[in-house]
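Here is a short round of questions and answers for a first look at this structure. Keep the view open as you read.

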Amino acid sequence: MRSKRARLFGGNTRSRLVLTLGLAVVLPALTLIYVNYRHVKSIQRDKKIEALIHRDFQYVLSITEKRLRQKTIAFIDDARNRFPSTADNDAEKRQKLNALLATNPLFSHAFIYDAALGDKALIVQSQTCMSEKDHERLVKTYTGWFGMEGREMAQNINKKTKRLMWYSYVDTTTNGPTYSTTALFTLPSSSPEQPVLAGIGFDPNQLKQIFFPAVIDEVLSKKLTDKQDASIAEMLHELTPAELEAGGPPDERLAMNVYLADTGTAEDYRPFMTSSTWGVGEPEVAHNLDDPFKGLSLGIKFQGTTAEAIGRRWVTQSFMILGVLSVLMIGGLVLTYRSVNKQVALARLKSDFVSNVSHELRTPLALIRLYAETLELGRITTSEKKNEYYSIIRKESERLTALINNILDFSRIEAGRKEYDFKETDIAELVRNTLDSYRFQIEQQGFALEEQIEPNIPKVRVDREAIARALVNLVNNALKYSDHEKFLGVKLYREQSVLKLEVIDRGIGIERNEQSRIFEKFYRTCDPLVHNTKGSGLGLSLVRHITEAHGGDVEVESTPGRGSKFTLKLPIAGVTQSSVAGIGETTSATGAA
């Protein structure tokens, strides 16, 4: 009945353990994993990674446009300060215009248009690299254009804050399309009633080969003077210093280009200038430029990959991390459950041990007290009966001593303080004496004892008391757990350099899956006879420790319902035993004794 209550208690404890782990650990962990899973799925569904990268792309393109405008306007502002005055004659004007063009190779030509001068209203100076034919075509174009709209254009420019206007156009040449832009402004020396129109044209080849690449490389290499711009660019890549110098890792370098934006179709996509990292393909994100480069667009992409591929990779990595965390969590929970469950089972076994030991101590003590009181009261008159009572008191005291010795030995072993006294011993004589001491108990319980001791057994170095206790524990197990056929066999023989001591019974036997556990401390098999028979669960633990301390081993062969055979193997010679042996907390100990 008590064992049943213990099993119910153990089952309830495990149920509470599972419930506690579920509510306190598993449920919150699973909820967190599920929430993260749904979050990653929403990122995958809504393409948030791609949107974030595209937003940062747009920011970089805005930075690039800002740098292009700043540099271009800085060039124009410097050039306006160098422009001729309206009071200069034609020769002085041409001389100053040529000097201005010499300061900046980005300028292709410069002009002044003063409508008040009539036929001499337009003065155009160009770079020496411009052909005479192109120069004449330029003069003709400006003469016709300014002749019709020059005065009105000058008045409109004066109404603007910076008194600056841009004129951009795409021209088709034999080498393909080309882009030109011209800055138009009025000279500060002119009067509001008679404004003088001036301008500077930018060389398309210089824009394509020098200006655009320089600004784009400046942005891509993060060499920005604006700290906020630099931090945004670095945050976009998250690159190491070495990668910053190289422009990023090979598959995630930013690449930019400038292309003509007047087509509007993918089939007519015409790059005007591309960075060295561009490779092939169209931009992933584009940004149309305003003045001074209206008609052009900036494009950006990653070299060797796309924002979509990066988003897929991030989602895949996130799912893998969630999977690994889930496996680790489940593994940790399983290990925790097994560890706690083991401690619960150990606590239950210890509780059973205390109960069983208490019972086993009470039984011999009660018998000793009973027979001693009977003798003390003088109720026994015959010498034969008195001797019988004395014998019972002696045997019960021996039984009590053996039980206490087992407990003390186990305590010393657990503490690592068990000492063995190894001496040359006639083990055959030791086995006979031990069996003679228990022969009366064996016969009283109706057991047939078969003793086989091989002659000429050599002496061995053993602890006499420890070997005797191991044999007694095995004999006691055989007596306790033999219900029908009461047979006990003890066999001592030599096999090469090993001495074998066998204890055989025809009792209840041991299931195969329990044979490896019967030597664990406090462990008792599930057979009903074992649970109904009181025992400490330390006997076989001590047997194994004693045998191992002598440099030997213990084996069990058993068939349920047909009995068991325990074999102690002890080395005869050539083995040095330690005078002190102990086991730690993880050492297994016990059988059903």
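Q: At roughly what angle do the axes of helix α2 and helix α5 cross?
A: In this predicted model, helix α2 covers residues 48–82 and helix α5 covers residues 204–220. Their axes come within 10 Å. The crossing angle is roughly 130 degrees.

Q: Is α2 parallel or oblique to α5?
A: The axes of α2 and α5 cross at roughly 130 degrees. Angles over 145 degrees would count as roughly antiparallel, and 65 to 115 as roughly perpendicular. The angle fits neither range, so α2 is to α5 oblique.

Q: Which hand does the crossing of α2 and α5 have, left or right?
A: Contact residues of α2 include Val 60, Ile 63 and Phe 75. On α5 they include Phe 211, Phe 212 and Val 219. The crossing of these two helices is right-handed.

Q: How many nonpolar residues does the contact of α2 with α5 have?
A: Among the residues making this contact are Leu 68 of α2 and Val 215 of α5. By class, two residues of the contact are polar and three are charged. The nonpolar residues number nine.

Q: Which residues join Arg 67 in one network of salt bridges?
A: Start with a bridge elsewhere: Glu 557 and Lys 565 meet through their side chains at 3.7 Å, N to O. In the network, salt bridges share partners. Those partners of the network, besides Arg 67, are Lys 71 and Glu 218.

Q: How many salt bridges does a search of the whole structure find?
A: Side chains of opposite charge can pair when their charged atoms come close. One such bridge joins Asp 134 and Arg 137, at 4.0 Å from N to O. Across the whole structure, the search finds 20.

Q: Which helix holds both Asp 134 and Arg 137?
A: Asp 134 is partly exposed at 35% relative accessible area. Arg 137 is also partly exposed, at 48%. The two sit three residues apart, about one turn of the helix. That helix, residues 132–158, is α4.

Q: How many residues apart are Arg 506 and Glu 485?
A: The side chains of Arg 506 and Glu 485 form a salt bridge at 2.7 Å, N to O. This pair links distant parts of the chain. Arg 506 is in the loop between β14 and α12, and Glu 485 is in the loop between α11 and β13. Their separation is 21 residues.

Q: Is Arg 506 buried, partly exposed or exposed?
A: Buried means under 20% relative accessible area, and exposed means over 50%. Arg 506 has 37%. The value lies in between, so Arg 506 is partly exposed.

Q: How many nonpolar residues does the contact of α10 with α11 have?
A: The axes of α10 and α11 come within 10 Å and cross at roughly 40 degrees. Contact residues include Leu 435 and Tyr 438 of α10, and Leu 471 and Val 475 of α11. Four residues of the contact are polar and two are charged. The nonpolar count is 12.

Q: How many of the residues of helix α13 are buried?
A: Helix α13 spans residues 539–549 and is mostly covered. Its buried residues include Leu 540, Arg 544 and His 545. The buried count, out of 11 residues, is 10.

Q: What percentage of the residues of the protein chain count as buried?
A: The chain has 13 helices and 16 strands. It holds 593 residues. The share that counts as buried is 44%.

Methods
Residues numbered from 1 in each chain as written. Predicted model: local features only at pLDDT ≥ 70, side-chain atom pairs only at ≥ 80, totals over all residues. Heavy atoms only, no water. Helix = DSSP H or I, 4+ residues; strand = E, 2+ residues; numbered from the N terminus. Buried < 20%, exposed > 50% of the residue type's maximum accessible area, 1.4 Å probe, protein only. Axes fitted to C-alpha atoms, helices over the stretch in contact; angles between N-to-C directions. Contact = heavy atoms within 4.5 Å. Nonpolar A, V, L, I, M, F, W, Y, C, P; charged D, E, K, R; others polar. Parallel < 35°, antiparallel > 145°, perpendicular 65-115°, else oblique. Left-handed = near helix turned anticlockwise from the far one by under 90°.
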